[in-house]
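User: Hey, could you walk me through this one? I'd like to start with how the copies are arranged.

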There are 2 protein chains.
Amino acid sequence: MPVRLSSIDRRRQILRTASGIFARRGYRGTTTREIAERAGINEALLFRHFPSKAKLYWTLIEELCSARGRRQNITKIIEAGGTDLEIFTAIAREMLVRNARDTELTRLLWFTALESHTLSQRFFRTFIAVYYEELAAYIRRRVRDGAFRNVDPLLSARGFLGMVVYHFLVQELFGARKFQKFDPERVAATLAGIWLNGMRSGVPQVAANGAGHANSNGRNGHNGNHARAGKKIQQ
Amino acid sequence: MPVRLSSIDRRRQILRTASGIFARRGYRGTTTREIAERAGINEALLFRHFPSKAKLYWTLIEELCSARGRRQNITKIIEAGGTDLEIFTAIAREMLVRNARDTELTRLLWFTALESHTLSQRFFRTFIAVYYEELAAYIRRRVRDGAFRNVDPLLSARGFLGMVVYHFLVQELFGARKFQKFDPERVAATLAGIWLNGMRSGVPQVAANGAGHANSNGRNGHNGNHARAGKKIQQ
DNA sequence: TTATAAAGTAAGTGAACACTTACTTTATCA
DNA sequence: TGATAAAGTAAGTGTTCACTTACTTTATAA
């Protein structure tokens, strides 16, 4: 029983189908025939919705970029407050878990980066740069607070995301997952712990409203855990 | 004046040419015609050297894997000794600089990872895994020494490499380089600094020969720099 | 109930692909 | 010096690709 869809629904369906195939095979590795087949339609119909394969791909990336408000996630986590460790662990967890759920988007992103210079930059800004700019802003604040050492916020933000993203890529893309599983929660806590410990100033201050003053118990702990981070941040 | 090469030289030349094109366009994006053209030969000659495009690709990856002894680099750095900061900065610098020199290999690696599951695993083990296994071994030693906190060596090694590799990928692959340049030396020092500080135990010990004993000046420094790391390691 | 516009398709087209065949050129050494 | 083996090529082959043409089906509403 062939389903007859409205133009707009069919379009959406084609995009959804195409997304999966492009993610698995890349732009050049994907054929319009396969997309049509998987969508359960004739190839000609695909070309009535999208004038070319290239335009279909472009549209797909565009819609992904405008649809997903990833920025939200990280902002929300930061605004929810908590200790630094809680915040950074939550961010790492968010990335590990969400990424695992849509490996598709990640693959699409990396394929695009490799295959197309132009396309990848916008894609990158939407899905990656916002992450670490948001993070950099938070780091800058904590440096002002005196809670973090005075290191380049952008670079250190990139460092943190690098730890997390790279772990994910190694597990998913390079198939390390087959040989060793990792508990996302433990990974998030460990990586956040290392990074955060590395960022901590020896002389932490109360952070809120910039009115903080030094306190004396500020040295880093050894071994064990490190949940003793800086204070909440202002709403 | 057409050059007439010996079979073995022609083969080498084809591989070298193919490497560049595969790296730029990926496996599926590369045509045998273009390889032949760029190599200045007829396509038929290419197929006398390699029975198929797939076999050519495989051979290329194989030869890259067996030729380059990347493992050497990191081992040498560790064996050369120095403070932890010196060692980790050197590793980061090595990766940033070498990677920048052969973006080609990096692109090839990532294309392979995305396009082929089977192929990528061996490739990965040769060019990435060795790095962090070597590193993990060193970290394990430093944990035993009491210089590093007791965190998963593999995970933390991956974290360190993640920082460095990710920074490189963002700069090179996603074109962030166009908007902001970074001095590799500064990047290496900063990332190594964060990570190392994060790994440091509050109670460092003398490392050499396992005969180390606790000493009391062991807290982490605040702000400023951190070249005050653990001791040399045994040759 | 029938006109119509839009959803949908069968069967192509030329171009580009990986790969082959059948041939020519040239270095080398008996 | 000429036989030979190997380097090299012109001109294909069948197949698959992105994309088109000319047609059929069906929901809707006057």
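Analyst: Sure. Chain A lands on chain B with a rotation of 180 degrees and 0.0 Å of shift along the axis, at an RMSD of 0.2 Å; the fit is least squares on C-alpha atoms of residues with pLDDT of at least 70 in both copies. That is the relation of a two-fold axis. Bear in mind that this is a predicted model: local features need pLDDT of at least 70, side-chain atom pairs count only at pLDDT 80 or more, and totals for chains, interfaces and linings use all residues. Residues are numbered from 1 along each chain as its sequence is written, with chains lettered from A and ligands numbered from 1 in the order written.

User: Which residue of chain A comes closest to the rotation axis?

Analyst: A:Gly198, with its C-alpha at 1.7 Å.

User: And how many residues of chain A are in contact with chain B?

Analyst: 48, and they meet 48 residues of chain B. Contact here means C-beta atoms, placed from the backbone, within 7 Å. The copies meet through the same surface, because 100% of the interface residues of chain A are also interface residues in chain B.

User: Which element gives the largest share of chain A's side?

Analyst: α9(A), with eleven residues. Elements supplying at least two residues there include α7 (103-115), α8 (117-145) and α10 (184-199) of chain A. Helices are DSSP runs of H or I with at least four residues, strands are E runs of at least two, and both are numbered from the N terminus.

User: What's that side like by class?

Analyst: It has 21 nonpolar, 20 polar and seven charged residues. Ala, Val, Leu, Ile, Met, Phe, Trp, Tyr, Cys and Pro count as nonpolar, Asp, Glu, Lys and Arg as charged, and the others, Gly among them, as polar.

User: Switching topic: how is chain A divided into domains?

Analyst: Domain 1 covers 7-66 and domain 2 covers 69-210, with bounds from an automatic or database domain assignment. Their centres, over C-alpha atoms, are 31 Å apart. Eleven residues from each domain of chain A make the contact. On the domain 1 side, α1(A) gives the most, with eight residues.

User: Now the DNA. Which residues come nearest to strand C?

Analyst: A:Ser7, A:Ala44, B:Thr31, B:Ser52 and B:Lys53, out of 20 around DNA strand C. Near means a C-beta atom, placed from the backbone, within 6 Å of the strand. By class, that surface has seven nonpolar, six polar and seven charged residues.

User: Which elements supply at least two residues of it?

Analyst: α1 and α3 (43-49) of chain A, plus α2 (32-39) and α3 (43-49) of chain B.

Terms used:
Two residues are in contact if their C-beta atoms, placed from the backbone, lie within 7 Å.
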